[in-house]
Amino acid sequence: MASTYASPRPNPEPGNNYRAVAAWTALASIITVTLTVLIGAFYWVDAQVKAQAENAPSTSSGTTAAAHGHGTTTTTTTTTAGSAGSAVEIARAATDVAPPIARTVPTTVQYNLQTVEVEGALDPANGTTYKYWTFNGKVPGPMLRVMQGDTVVIHLSNADGSAFTHSIDLHAVSGTGGGSGASQTLKGANSTFSFKALNPGLYLYHCATAPVATHVANGMYGMILVEPPGGLPRVDREYYVMQGEMYTNAAFGTKGHVELSETKLLSEQPNYYVFDGRVGALTGAGALHASVGDRVRIYFGVGTFKSSAFHVIGTIFDTVYPDGGVGGPLERNVGLVNVPAGGTTMAEIVFRVPGTYVIVDHALQRVQEGASGQIIVDGPPDPSIFNGSAQMTPH
Ligand SMILES: [Cu+2]
């Protein structure tokens, strides 16, 4: 007997219904299989197209303000958190400076910030680690840089791995809470708000989720620079440095993981003072560099709660924007700048002779608790400006 499955033709024999049913059943099966394959192929192709589209505008590293002039500038920052279970480099390099503003027409600038809780190396030389809370995986958070009149859109996401809600309050905002009310963001969630940057200057930003002091002490601070149209006067080198103190449950130099001490925090008794998030971030491989004759501008801020007597040993700030303000009178020729809790300054130096210049908070006990950096200046010596060599007599 011929197989009805092999020959799904119409049944020519009247009354032989079972063969007709079998034939139509076979035909329906073939059509179903064919449609399934075609639909599956469609969804596979569709998924590939969508995946390519999502990957096309890939995020760039660092703060990369791209466009000048009209239109919308998309500025993206990425997260650089390390693998779980190991302490990562927590310091944001002092060279991680956003590009200067050259345009004169306001635009819209978009920032993607992510709050990340990460185990970081607090004092690598002593093997000390700490669970930092961060903007974008580093301390300080990324330098944001916009122009007066820009509309700034902040997209804040809180990483899936976070244990806490986070937010952002930018001191450059004219509006309730500096944006903190509009940005309280649960773990794994996102929020967006915008503001117009009305006033030029260098401003702190920080997390403002209760208890705010805890979030800030754990590393949640950075700075936003609002430049006037056309930008600030150009200099040869720019650096981004923030001071913060740490309140830990073990003494400075203790090996292993240390934790926040709420008692020390609330009694204002820190046991670490750091530049850019950790001990030694601005020395050795992290040192700042310049050449004789360079004008160097340091964007400096205090993220946490102790004022800094900001000083660079062996040189003078010849130009200072007091409290980071732009538009008022400048200070000239000062030896150190007092920067209060949550305050900023822009301080410029022209180096005249080569050498290693040490960055300190002139409350010098703090040097022994971590607050020390270096600016290494190369170039020809000039004995008419400085004539001497290091003297160290053993005894
Ligand atoms: Cu927070």
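This passage walks through the confidence, sheets and core of a predicted model.

Residues are counted from 1 along each chain, in the order its sequence is written. Because the model is predicted, local features need pLDDT of at least 70 and side-chain atom pairs count only at pLDDT 80 or more, while totals for chains, interfaces and linings use all residues. Here pLDDT is the predictor's confidence in each residue, from 0 to 100. The protein chain has a mean pLDDT of 84, with 77% of its residues at 70 or more. Residues 1–85 are another matter: pLDDT stays under 50 there, and the model has 75 contacts beyond four places in sequence for this stretch (a contact means C-beta atoms, placed from the backbone, within 7 Å). Where pLDDT is low, the predicted coordinates should not be read in detail.

On to the sheets. Strands are DSSP runs of E, at least two residues long, numbered from the N terminus, and two of them pair if DSSP finds at least two bridges between them. One open sheet has five strands in the order β12-β10-β14-β18-β16, with mixed pairing. Its edges are β12 (272–275) and β16 (319–321), each pairing on one side only. Within this sheet, β14 (residues 295–302) and β18 (residues 344–350) run antiparallel and share seven bridges, and Ile298 sits opposite Ala347 in β18.

Another open sheet has four strands, ordered β4-β9-β8-β6, again with mixed pairing. Both β4 (144–147) and β6 (169–170) are edge strands with a single partner, so one side of each has no neighbour in the sheet. Strand β4 runs parallel to β9 (residues 221–227), joined by four bridges, and Leu144 stands opposite Ile224 in β9.

Ile224 turns up again in the largest nonpolar core, a set of 83 residues in which Tyr203, Met223, Ile224, Val241 and Tyr299 touch the most other members. Such a core consists of buried Ala, Val, Leu, Ile, Met, Phe, Trp, Tyr and Cys residues joined through C-beta atoms within 7 Å. Strand β2 (residues 108–123) supplies the largest share of this core, seven residues. Beyond four places in sequence, the contacts of Met223 include Tyr203, Tyr299 and Thr344.

Pro229 lies in the loop between β9 and β10 (237–246). With 13 other C-beta atoms within 10 Å, Pro229 is partly exposed (20 or more would make a residue buried, 12 or fewer exposed, with C-beta atoms placed from the backbone). Beyond four places in sequence, Pro229 contacts Thr104, Met147 and Gln148. Met147 is 82 residues away from Pro229 along the chain, yet their C-alpha atoms are 6.2 Å apart.

Conventions. Contact = placed C-beta atoms within 7 Å.
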